[in-house]
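Biologist: I'm new to this structure and would like a close look at one part of it. Could you pick a spot where two helices meet and walk me through it?

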Amino acid sequence: MFHVGGARSALYNWAVARQSGGKFVLRIEDTDAARNKAEWIDGIISALASIGIHEEDPAFEGPFFQSQNADRHREAGLQLYAEGRAYYCDCAREQVQERTGSQQLGYDGFCRDRGLEYVEGRALRFRTPDEGATVVVDLIRGEPSFPNSAIEDFVIARGDGSPVFLIANVVDDLDEGITQVIRGEEHLSNTPKQQLLWEALGAIPPVWAHLPVIVNEKRQKLSKRRDKVALEDYLAEGYLPDAMVNYLMLLGWGPGDDVEIRPYEELEQRFRVEDVNTSPAFFDVKKLSAFNGEYLRALPVEKFVEAAQPWLREPYATWRPEAYDAEVFAKLAELAQTRLTVLGEITKYVDWVFLDDAPEDEASWTKAMKPGAEEIIKDARERYASAEWNTESLKAVLEEVAAAHELKLGKAQAPVRVAVTGRTVGLPLFESLEVLGRERTLARLDAALAKLGG
């Protein structure tokens with residue numbers, strides 16, 4: 001599944017690529033066969049498309065597959081070996097720990113000058129400079145400096161000759177013409193090693209930009225083990241892609257004014273990676289929901305009806321498929337549209353009109369059916385049997401019932417609402433009654449009276 005942090009990184013890369021007339025490169029790093037499935041690759045491409053990053057756009061390039069460049073990765077490692085920038089090592093982890101007396105200390109350089117040649121089982125290590133420092137030019141974090149003496153001689157090829165992530169990425173970046181890398185700050189610790197490899201291969205490193213970590217409400221880094229982090233999960237709940245894009249673009253960056261709700265085209269035009277904050281970005285689901293509600297309310301009604309359709313079918317719908325009536329939903333859509341924060345909420349707002357009987361919600365029933373509720377329902381039922389069936393008349397009738405019981409309209413509405421729609425909260429009552437129709441409304445009032453013992 002596509003992590004929201006990856007989605008934000010993709011959007012920032014996309015914005016920079018399109019601003020500069022450059023290319024957004026999608027690379028599938030598929031060298032680990034156990035973590036490589038065709039459907040996952042399709043999932044990445046479809047997730048990118050859902051947030052507006054499309055294969056057919058001129059700024060899009062790829063997907064490239066890292067596994068198809070394996071020969072170049074090996075060649076680069078052998079080149080570094082031939083130039084004395086890498087050496088073979090046969091040390092086991094346990095041997096290193098025994099020599100250093102620690103599990104935390106890195107490799108101690110034991111094989112640097114042993115002159116070992118490759119045999120199966122010997123790893124290839126990069127010879128890190130002993131002196132000086134590696135300075136990373138980072139558009140967000142300035143120029144952090146890493147003493148070379150603190151960077152161990154790291155492995156670039158395993159004992160079976162297969163390249164590791166670090167060198168594979170550098171070679172792919174070189175071959176694909178990467179000039180700028182925008183990624184999460186968890187990769188910052190890899191950057192001096194990658195930069196050393198770029199320089200050792202005779203190339204100028206890209207410009208880096210490491211984005212702030214995204215945290216939950218406890219200020220812990222978002223984790224798939226405890227947090228909802230998949231972009232697809234949010235879309236499946238009914239968050240609109242445009243709202244997700246708007247919110248993700250503002251996770252760590254702002255356009256410099258007080259306007260937050262704005263189309264992607266404006267965000268892209270204003271975006272500057274240099275203005276991204278270094279402090280952690282809080283993924284506030286409540287704020288995301290507020291954004292989504294704004295986007296839902298801004299939709300033309302016909303677009304809202306179209307967007308809601310997936311949630312009006314199985315597995316979300318609780319009514320018989322044949323009970324769904326598109327014309328009836330269209331009458332309720334505008335009323336529901338103003339109340340939703342996510343499209344997935346639509347089911348509970350309209351299920352009552354497609355179900356044979358009113359939904360059963362015990363908490364709502366207990367709250368509404370206080371002493372006196374039975375008399376209110378009886379009076380309403382009697383008057384509704386002959387009233388004109390339109391919103392204004394239905395409201396006027398219940399106002400008369402409320403006055404007869406010395407109640408405000410809101411108090412008189414509650415038992416009628418629960419009898420008809422099953423819940424204390426929902427769409428405007430009288431518009432709902434008009435759509436439901438006289439016959440079904442009276443039947444539900446009768447059912448409520450029977451349940452109350454009347």
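Modeller: Let's start with a single residue. Aspartate 172 touches Arg27, Gln66, Asn69 and His73, leaving aside residues up to four places away in sequence. Keep in mind that this is a predicted model. Aspartate 172 sits in helix 5, and it counts as buried because its relative accessible area is 1%, where buried means under 20%.

One of those partners, His73, leads us to the helix pair. Helix 3 covers residues 70-82 and helix 5 covers residues 165-175, and their axes come within 9 Å of each other, crossing at roughly 105°. An angle of 65 to 115 degrees counts as roughly perpendicular, so helix 3 is roughly perpendicular to helix 5. In general, two packed helices are described by the angle between their axes and the distance between the axes.

Now for who does the touching. From helix 3, the contact is made by Arg72, His73, Ala76, Gly77 and Leu80. Helix 5 brings Ile167, Ala168, Val171, Asp172 and Asp175. Sorted by class, that contact has five nonpolar, two polar and three charged residues. So if you click on Asp172 in the viewer, you have one of the helix 5 residues in this contact, and it is a buried one.

For contrast, try another aspartate. Where is aspartate 361? It lies in the loop between helix 13 (346-354) and helix 14 (362-368). Aspartate 361 is partly exposed, with a relative accessible area of 31%. It touches Gly422 and Arg423, again not counting residues up to four places away in sequence. If you'd like a distance to try out in the viewer, the C-alpha atoms of aspartate 361 and alanine 243 are separated by 32 Å, and these two are 118 residues apart along the chain.

Finally, zoom out to the whole chain. There are 19 helices and eleven strands in it. The C-alpha trace spans about 100 × 45 × 35 Å along its principal axes. The chain's radius of gyration is 31 Å, whereas a compact globule of 454 residues would have one near 22 Å. Of those 454 residues, 47% count as buried, and aspartate 172 is buried too. Among contacts with a separation of 6 or more, 73% join residues 24 or more positions apart. As for the outside, the accessible surface comes to about 23100 Å², with 48% of that belonging to carbon and sulfur atoms.

Terms used
Residues numbered from 1 in each chain as written. Predicted model: local features only at pLDDT ≥ 70, side-chain atom pairs only at ≥ 80, totals over all residues. Heavy atoms only, no water. Axes fitted to C-alpha atoms, helices over the stretch in contact; angles between N-to-C directions. Helix = DSSP H or I, 4+ residues; strand = E, 2+ residues; numbered from the N terminus. Parallel < 35°, antiparallel > 145°, perpendicular 65-115°, else oblique. Contact = heavy atoms within 4.5 Å. Nonpolar A, V, L, I, M, F, W, Y, C, P; charged D, E, K, R; others polar. Rg over C-alpha atoms; globule rule 2.2 N^0.38 Å. Buried < 20%, exposed > 50% of the residue type's maximum accessible area, 1.4 Å probe, protein only. Areas by Shrake-Rupley, 256 points an atom, 1.4 Å probe, with all protein chains shown as cover.
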